[in-house]
Amino acid sequence: MSTTEPGTVERAFAAALYADTDTALDAGASLLAADPQADAELSRRGRELTAALWRRGWQPADVVRMVRRDLEEAHVQLVSDLILAEAGSRAGAQARGRRWAAQLAELTPAPPHREDRFTRATVVLELYRLLLGLPALEPVVEPRPRPAVGEAGPVEPASRMLGRIRALLAKAEATGYPEEAEALTAKAQELMARHSIDEALLAPDGPPGADGPAPGGPGACRIGVEPPYEQAKAVLLDAVARANNCQAVWNEAFCFSTVVGHEADLEVVELLYTSLLVQATGAMTKAEAALRKGGGKGGGRRRTKTFRQSFLAAYAHRMGARLTEAAEHEIAEAKAEAGQALLPVLASREAAVRDETDRLFPHTRTTRLRGVSDEEGWIQGRDAADRARMGGRPGLPARGDRG
């Protein structure tokens, strides 16, 4: 039989969650700190708040991202515990999809907290206040796999291809030689385009399902686009998505873009965007150091910010053209092999992605890239991307070297 004082949690919530003041927060935290027996009910209410977010279209990584942006590490640890506890209490949580399971796998239980009860209660109420205020999002459903072909289906070849792409991008990130990184990234993009074409030719997409995308048809995933320089990063992700048969819709307020596409393409967009961010950051750091060493004009924090924003914007703009060039080069070669039969297949997949994007986001608008005012940063970023000779340019591995 519970001996929890009736009404403690309700009174604390009434005092703290619906009034955005420190005085209200202190009043609610004082109530909770004075009643240790309210802890179980407080945790249960936290799991309910978390479960309600899933019904409003949020995913674990989205929630953690917002908490990390707006609050402190103690709140991140607490929400991670709530997410893991809520996921563990649900039968069939794996049915939400591979990406959902991967997001849960990235969370780790928080160590035992050592704060006094009032401080801990304050952290809890601050977190719950944030969770309660998060609005509904467009529901994102992972693409449904196409029915397997034969006993094993296409899974093993696709896995091998993605493994090779990951290995190439890892080498590109690790090397200290820009030319080598560029060649490795170019080859990775060629493999990505070939991977997408092979997937498209396996079989036509299935009919639409009542509970989500058609089997083999397009779905969506969210990719974090976080400050600083989030506009330039969103442009880069858009460029990567377009080059790989996807569409990206940026949600600036909640620090992510939703990428719509077929599963094979979504996987490579995630891989390439993450790798290019690492490579762009490295190139930007080197360019900044060279500029300072050469006595470049200006200086200080303001110059650093405008230089980096301009660098990343130019890098994203030029890289988009390079990636598209590489993808079109691969499509042209595939067309020469498969003939005209390839074009209707690719056109159908492109139309399916466009239709799914319109269904998820019937009202979108374009935005102008702000803060691109540093000429040197733009030139350096453009040149860093220009060195990547994407597509059929000298320095790229020959087609027969793909293995």
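**Exercise 1. Place E288 in this predicted model and work out its surroundings.**

*Solution.* Start with the secondary structure: E288 sits in helix α11, which covers residues 263-293. Next, look at its accessibility. The relative accessible area of E288 is 6%, and the cut-off for buried is under 20%, so E288 counts as buried. Now list its partners. Setting aside neighbours within four places in sequence, E288 is in contact with T304, F307 and R308. Finally, go down to the side chains: those of E288 and R308 make a polar contact at 3.1 Å.

**Exercise 2. Work out the strand order of the open sheet and decide which strands stand at the edges.**

*Solution.* Take the pairings one at a time. Strand β1 (residues 219-224) is joined to strand β3 (residues 256-261) by 6 bridges, and the two run antiparallel. You can check the register at I223, which stands opposite S257 in β3. Then turn to β2 and β3, which pair in the antiparallel sense over 5 bridges. Here V249 stands opposite T258 in β3.

Putting the pairings together gives an open sheet of 3 strands in the order β1-β3-β2, with antiparallel pairing. The edges are β1 and β2 (247-251): each has a single partner strand, so one side of each lacks a neighbour in the sheet. On average, neighbouring strands of this sheet are turned by 25° against each other, direction ignored.

**Exercise 3. Find out how enclosed β1 is, and which helix packs on the sheet.**

*Solution.* First count the buried residues: 5 of the 6 residues of β1 are buried, so the strand is largely enclosed by the rest of the structure. Then look for the helix. It is α11 that packs on the sheet, where it touches β1 and β3. The direction of α11 makes about 10° with that of β1. This brings us back to the helix of the opening exercise, since E288 is in α11.

**Exercise 4. Compare three salt bridges by the places of their residues in the chain and by their burial.**

*Solution.* A reminder to begin with: side chains of opposite charge can pair when their charged atoms come close. The structure holds 25 salt bridges, and three of them are taken in turn here.

1. The side chains of R65 and E226 meet in a salt bridge, at 3.9 Å from N to O. The pair links distant parts of the chain, 161 residues apart: R65 is in helix α4 (residues 60-70), E226 in the loop between β1 and α10 (230-243). R65 counts as buried at 8% relative accessibility, while E226 is partly exposed at 36%.

2. The side chains of E330 and R194 meet at 3.3 Å, N to O. E330 belongs to helix α12 (residues 300-338) and R194 to helix α9 (residues 178-202), so this pair ties together parts that are 136 residues apart in sequence. Both E330 and R194 are buried.

3. R322 forms a salt bridge with E325, with the closest N and O atoms 3.2 Å apart. Being 3 residues apart in helix α12, R322 and E325 are separated by about one helical turn. E325 counts as buried, at 16% relative accessibility.

**Exercise 5. Name the residues linked with E10 in a network of salt bridges.**

*Solution.* Start from E10 and follow the links. The network of salt bridges that includes E10 also takes in E41, R44, R45 and E48.

Key
Residues are numbered from 1 along each chain as its sequence is written. This is a predicted model: local features need pLDDT of at least 70, side-chain atom pairs count only at pLDDT 80 or more; totals for chains, interfaces and linings use all residues. Side-chain values use heavy atoms; hydrogens and water are left out. Helices (H or I, at least four residues) and strands (E, at least two) are DSSP runs, numbered from the N terminus. Buried means under 20% relative accessible area, exposed over 50%, partly exposed in between (1.4 Å probe, protein chains only). A polar contact is a pair of N or O atoms within 3.5 Å; within protein, one must be able to donate a hydrogen and the other to accept it, and residues adjacent in sequence count only if both atoms are side-chain atoms. Contact means heavy atoms within 4.5 Å. Two strands pair if DSSP finds at least two bridges between them. A salt bridge is a side-chain nitrogen of Lys or Arg within 4 Å of a carboxyl oxygen of Asp or Glu. Axes are lines fitted to C-alpha atoms, for helices over the stretch in contact, and angles run from 0 to 180 degrees between N-to-C directions.
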